[in-house]
Amino acid sequence: VTVLLTEGSRDPLQAHDVVLPGEEGDFLRLLAELAPGDTANTSRVGRVVLVGGWHGGGGSTTAAMSLAFTSGSVFLDAAGNRGGWLVEEEGLAWEDLDLEDLPSSQKLVSGLPRSGGIPILGPSTGRTILPDAEGVVAVLSTLKQEVVVDCGANLDALNALARDLED
């Protein structure tokens, strides 16, 4: 599993490869990095954690969900597979959003489905939607809060997002 921490971490835009099972201590350290702090944020997006795996079934979605639950962050499914998470009620999905006219952060978050109380933006049930980096960055710019992004096994997407967020 590759975890990339951005704004607000001690090592902005540094990738951390964590092998699970086996490196649970390092994974917990990364969870601590994501813990809410008093870091001032003047960037166009809030603190973002990008998570990707080397292959499907490698646990990147599980790791990303764990990070979101632990930190109380919004979870964005950019892998397009819905990752097996169950929502308590339906809400906005990627295909419902007009990226040219996104609602305010508060309205967007309140319209998202939740799993365990965590707001989740992903595809509708039974659909596979792969948002592009531009779409993910547009949503992150609207949210301006802590977000965990599951890139699945698409490390090219993870790297494209990291480059876009650096700009």
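Here is a walk through this structure, from the overall plan down to single residues. Keep in mind that the model is predicted.

Let's start with the whole protein chain. Count along and you'll find five helices and seven strands. If you read them off in sequence order, the pattern is β-β-α-β-α-β-α-β-β-α-β-α. The chain has 167 residues, and buried ones make up 47% of them.

A good place to step in is helix α2, residues 60-71. With 12 residues at 1.5 Å a residue, α2 should span 16 Å, and its end C-alpha atoms are indeed 16 Å apart, so expectation and model agree. Quite a list of α2 residues is buried: Ser60, Thr61, Ala63, Ala64, Met65, Leu67, Ala68 and Ser71. Just after the helix comes Gly72, which takes a positive phi of about 70°.

Move a little further along and you reach strand β4, residues 74-77. Which way do its side chains point? Val74 and Leu76 go one way from the strand, while Phe75 and Asp77 go the other. That fits a general habit: in a regular strand the side chains alternate between the two faces of the sheet. In β4, whichever way they point, all four of these residues are buried.

Now look at what β4 pairs with. One partner is strand β7, residues 147-150, which runs in the parallel sense to β4 over four bridges. Here Val74 stands opposite Val147 of β7. Another partner is strand β6, residues 118-121, also paired with β4 in the parallel sense, this time over two bridges. In this pairing, Phe75 sits opposite Ile120 of β6.

Strand β6 is worth a second glance. Pro119 is found in it, and this proline counts as buried because its relative accessible area is 8%, under the 20% cut-off. Pro119 and Leu76 are 43 residues apart in sequence, yet their C-alpha atoms are 8.6 Å apart in space. Leu121 lies in β6 too, and with a relative accessible area of 1% it is buried as well. Its C-alpha atom is separated by 7.0 Å from that of Leu92, which is 29 residues away along the chain.

For a change of scene, try Ser104, in the loop between β4 and α3 (105-111). Is Ser104 buried, exposed or partly exposed? Its relative accessibility is 46%, so Ser104 counts as partly exposed. Along the sequence, Ser104 is 39 residues from Leu143, but C-alpha to C-alpha the two are 7.7 Å apart.

Finish with helix α5, residues 155-166. Its 12 residues reach 16 Å from the first C-alpha to the last, close to the 16 Å expected at 1.5 Å a residue. The buried residues of α5 are Leu155, Leu158, Leu161, Ala162 and Leu165. These cover an arc of only 115° around the axis, so they fall on the same side of α5.

Helix α4, residues 133-143, is the one to view together with α5: their axes come within 9 Å and cross at roughly 50°. That angle makes α4 oblique to α5. As for its handedness, the crossing of α4 past α5 is right-handed.

Technical notes:
Residues are numbered from 1 along each chain as its sequence is written. This is a predicted model: local features need pLDDT of at least 70, side-chain atom pairs count only at pLDDT 80 or more; totals for chains, interfaces and linings use all residues. Side-chain values use heavy atoms; hydrogens and water are left out. The expected span of a helix is 1.5 Å times one less than its number of residues. Buried means under 20% relative accessible area, exposed over 50%, partly exposed in between (1.4 Å probe, protein chains only). The arc is that of the directions from the helix axis to the C-beta atoms. Two strands pair if DSSP finds at least two bridges between them. Axes are lines fitted to C-alpha atoms, for helices over the stretch in contact, and angles run from 0 to 180 degrees between N-to-C directions. Angles under 35 degrees count as roughly parallel, over 145 as roughly antiparallel, 65 to 115 as roughly perpendicular and the rest as oblique. A crossing is left-handed if the near helix is turned anticlockwise from the far one by less than a right angle, and right-handed if clockwise.
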